[in-house]
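The following dialogue is meant for a reader meeting this structure for the first time. The learner asks how a feature is read, and the teacher replies with the case at hand.

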Amino acid sequence: MLHAAPPPPALAVSVDPSSGVWTRLAVAGRQVLAGPRLEAAIFWDGGAMSPASEWKLLSVDQKPGRTVVTRRAGLWDVRTEMAVSGPELRRRVIFTWRGEKAVRVRGAQLRTPPLTVLPSRGDWVMLPGNFPVRRMPLAGLAQAGPQSEVGWTRGDYATAALSFGSAGLACVAGYSFEHDQARITVSAEGGGVVVTHGFDVCGDLPPGGSYEVGTQVLRFALGGSGVVAGLVEALANSVGNGPPRDQPADLGKTVLYEVHPWGRLESWGPDRGHRYDRLTACLPQWRALGANAFWVLPPPWQPPWVYTTPIWEAVNPGNGTPEQLKEFVAAAHRTGAKAIVDLVVYGVLPSSEDVPKLPSDVWAVDESRQRRTVWGGSILPADTSKPAWQERMARAAGFWARDYGFDGARLDCVGWGQTANWGAPRANDAVAYGGIALNKVIRDAFRAGNPGAFLLPEGGKPLVLKESDMVFDYPLYLAMRDMTTTPDLGAWIERTREWLQWERLAYPAAGLKGLVRFLELHDTVAAQDYFGVGPSQALAAILCLMEGTPLLQQEQETGFSRDLSSWLKLRRNVAALSGGGADYQAVLCSDPGVFAFLRTGAGEAVVVAVNLTGLPARCTLEWPRSLPAAALHASLQGRILSRKPGGAGVVIDPWRPMAIVLQKRRGAAPEWRVPAPAGARWSVRMPEGTLEDAVRDDDAKPGDGEAVEDRLPVLRRAWRPVEGGLADGPGPTRLSLAGLPGAGAAEITPGAAQGARITWAKGGSPRIEPDAAPPSAAWPAAGVPAVTANPQFVRLSAAGVRLTLARRHGGVPVEIRRAGRVLSSRPGELYTDWGLLPEKRLVAADGETNPRLSVERTAAGVTVTFRGLLRERSWNGVQTCGIAGPRTAYRLTYTMDATGRITVGVGVTPSQDNPETKAFLALRLFVDDASDWLRGDAVAGGDANGRVASASGNSAGALVARGTQGSIGLGETQSVQRTFGIREGRGGWLYLALLDGDPVATRSGVEAAGGAALLLK
């Protein structure tokens, strides 16, 4: 529903008739332009646009509501068209090349003149796509410099919002897609805010040729900051970047489930004989869970290379037979579910038999007219704008729709082209423009005779909805990952709720049901690994009960199937949850660790509150009093709550949701909780949450000497909490089996987990067995320094000093405080990028999402130790980081005493001998607002490598970075080759380099170690 807004203001545009310069934009009679600037630019090889003052006017045509100006800028004719319609101004530009030879174009820009209303008190600008949302005052923007959206995995709306505070006026800027994608930048210039849309247009333009670029859209309203939200929403619904009108009627009730006969990506090892009949066998339990649409990974090729398609219309025998796949789709249909197939439509293997059959101009070529390859040379990319390619993909889509009955497709990599085609007149048409057209062709092929079919491209921005029904909400997934580096949970919750509120405004309203909310899929780290057991379950509850389409990966439900099924049942049966809207800031909670929001629709209202802490949340919820509530039904608990106008006092279980249905009439509370299934069950209760489920084998087919869990990665981690590090916490781990002859329970205490392992006797009880490693000390009791832990962080604190360490990022520091002031607010890093491993590879501790953790209290204080393996960087930034080879172990140790003094230890253990290595390995710590750098008592300067105060670690004086909130230094170093600093923006990095290029001999299995004291003031 659109936000209420005042009547649209009248707009007036005028240009200087003698020069063609845009000189006036009046909104309700108020001048909004601070001064003329270069409004349009095109970039090409071998030249640059001449200054605007040198442009020559060719013609001006100004009529009511429309202004057309043509000017000559050197060898370019620039035709600018501006049209006013109600509160919107639309501007597009046509560039025509007048040179004698073809010119190679590299991009274009549309820039507004500086926008402001003088006097400009209280002006601010915001990019709602960026997380967290920040309203930047004009003065702050001038100081920070140009600001852009981070990119598609962090929000890519190409939208900016401006509030002119003292004038009571607001503006939002965006663009309407035609041929070219656009990125947005805002900057402070000439006393106002300049909004720049950079368009991807590129190609070889012949003499007399033209590129049409645009359209940039400005929308205004009276009312200042209070109307900005309504403006963003109105713009999102007016620029035409939304989904088709014939979306499936049941879209809001869809729950996606990703499947492959071999299982999850982690189990794509040797062929165990799993085929599509396995999916059919598992279908009843997935339907009982609540999934009603199944995304089948690509059939033409078997793991691990399922996305390197050699042929489109085929079922690889390694995945199963055509008959088995057809039966799975038919079985899904018999239960009322849908099935979609994963398609690779942007290219093919170079060896494919289709390559010589297609016209040669289908294949994208580079700037030297040579055929290109992408994805490490494995794919021959197509020009998706070519009719021949679109027709071929339509036949492939029709095959899967007609012969197998699939109800649509998920398209790998958005379904768009992967690279520009420099053999075409407009090279970038091969990417987004052609991709959107191709998506329509594929969608139409599936919807021929099947109005319920839908298309899901793999993208994460509003533009992806054009000619499709769904889009992956990668930005929300990335925002959730920020929880693991944000020590203040309450701050993260508020940032995320605010970001979600802007997200639902910045997307077209028709696309909100198609926002696919996920916590894991085949391209990401398993949720339990990345977030921890309890937090992953709580986040899954949020995704199930929020607006959009939930997505689950195969086996993701392991350990909380009953709860997950209850949440999806509630979603399915309450119209406000399955098809209603959302307000992510309408509900207030007295506990900052509770994530609360409101769902409304079909005359219903539901208050959702999810406890993201490991303790019961006793809190008060408040919501708008205008919502009728004769009765409050805690639907997942099956009870009626005591009420008061606009609120209720509740107790929410750890890591669990409460959904309060506001009923207009009194009556019995329905029970939506799914009963526990009969039969054997298992449970593991540990410091980071609880896993419990039915005992089943999921047709895992274990080999000789293997257990069922050996073939099911999620179950393996759940059933082996000691080996997996889940028991490394401040409380005991309790295990139980029930419903089997001789079944029972066992318990393992803190500390002992480091020297034990747990086995499950077949048909019997859990058994704890000693390991070869000696047990470490038990988790220390309360005392000074205090040590606390949750699934995300370990904290040490004493004498006003607090050190927070990230468990899901290898154990690096993420925050250092002293006397209430934040000295370091960005995650540190332990990494090497040369010498320690073969080649110059960047490997780090950050990818170790669950390092082994031990804590020991001694006379010297409390020592926290993390141990793990250095890992490669993820290729896409979200997938599991593979272990770097040869395997190299690391250790990070932090000791704090009662005075708050901290010492840091770093260790590395290679797995091979090297008699002389010149290598780098360092722990780096960020210092906020670092302005001065000192070595000992002297101010330190930099060197040619950009280092500050670089010196031998064991002989030089302490290195200190001094900021506005205090200082952090490295002193009393031991066995480190060097300490130094590197400036970065308004902060800087302190480096404790265990290795920094000096020759050193490393031995397999022998740790090289060093350390230093942290000096905090």
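Q: How many bridges join β46 to strand β47, and in which sense do the two strands run, parallel or antiparallel?

A: One begins with the bridges and the direction of the strands. In this predicted model, β46 and β47 (residues 813–818) run antiparallel and are joined by five bridges. Within this pairing, V801 stands opposite R818 in β47.

Q: What lies between the strands in the hairpin of β46 and β47?

A: Here one looks at the connection and at its backbone angles. Six residues separate the two strands of this hairpin, and G810 takes a positive phi near 80 degrees.

Q: Which residues make up strand β45, and how does this strand pair with β46?

A: The reading proceeds as before. Strand β45 comprises residues 793–798, and its pairing with β46 is antiparallel, over six bridges. F793 stands opposite A806 in β46. The hairpin of β45 and β46 has two residues between the strands, and in this hairpin A799 adopts a positive phi near 50 degrees.

Q: Is strand β46 mostly covered or mostly open?

A: For this, one asks how many residues of the strand are buried. Strand β46 spans residues 801–806, and five of its six residues are buried, so the strand is mostly covered, with buried meaning under 20% relative accessible area.

Q: How many disulfides are counted, and why do C589 and C619 not form a bond?

A: The general idea is a distance test: a disulfide is a pair of cysteine sulfur atoms within 2.5 Å. By this rule the count is zero. The sulfur of C589 has its closest cysteine sulfur in C619, at 3.7 Å, which is too far for a bond. Seen from C619, the closest cysteine sulfur is that of C589, again at 3.7 Å.

Q: Are C589 and C619 buried or partly exposed?

A: Each cysteine is judged by its relative accessibility. C589 has 22% and therefore counts as partly exposed, whereas C619 has 4% and counts as buried.

Q: Where does T524 lie, and what does its side chain reach?

A: One first places the residue, then examines its surroundings. T524 lies in the loop between β27 (515–518) and α9 (527–531). Its relative accessible area is 7%, so T524 is buried. The side chain of T524 reaches the backbone nitrogen of L521 at 3.0 Å. Leaving aside its neighbours within four places in sequence, T524 is in contact with Y477, F518, L519, V878, Q879 and T880.

Note on methods: Residues numbered from 1 in each chain as written. Predicted model: local features only at pLDDT ≥ 70, side-chain atom pairs only at ≥ 80, totals over all residues. Heavy atoms only, no water. Buried < 20%, exposed > 50% of the residue type's maximum accessible area, 1.4 Å probe, protein only. Helix = DSSP H or I, 4+ residues; strand = E, 2+ residues; numbered from the N terminus. Pairing = 2+ DSSP bridges. Polar contact = N/O pair within 3.5 Å; in protein donor to acceptor, adjacent residues only side chain to side chain. Contact = heavy atoms within 4.5 Å.
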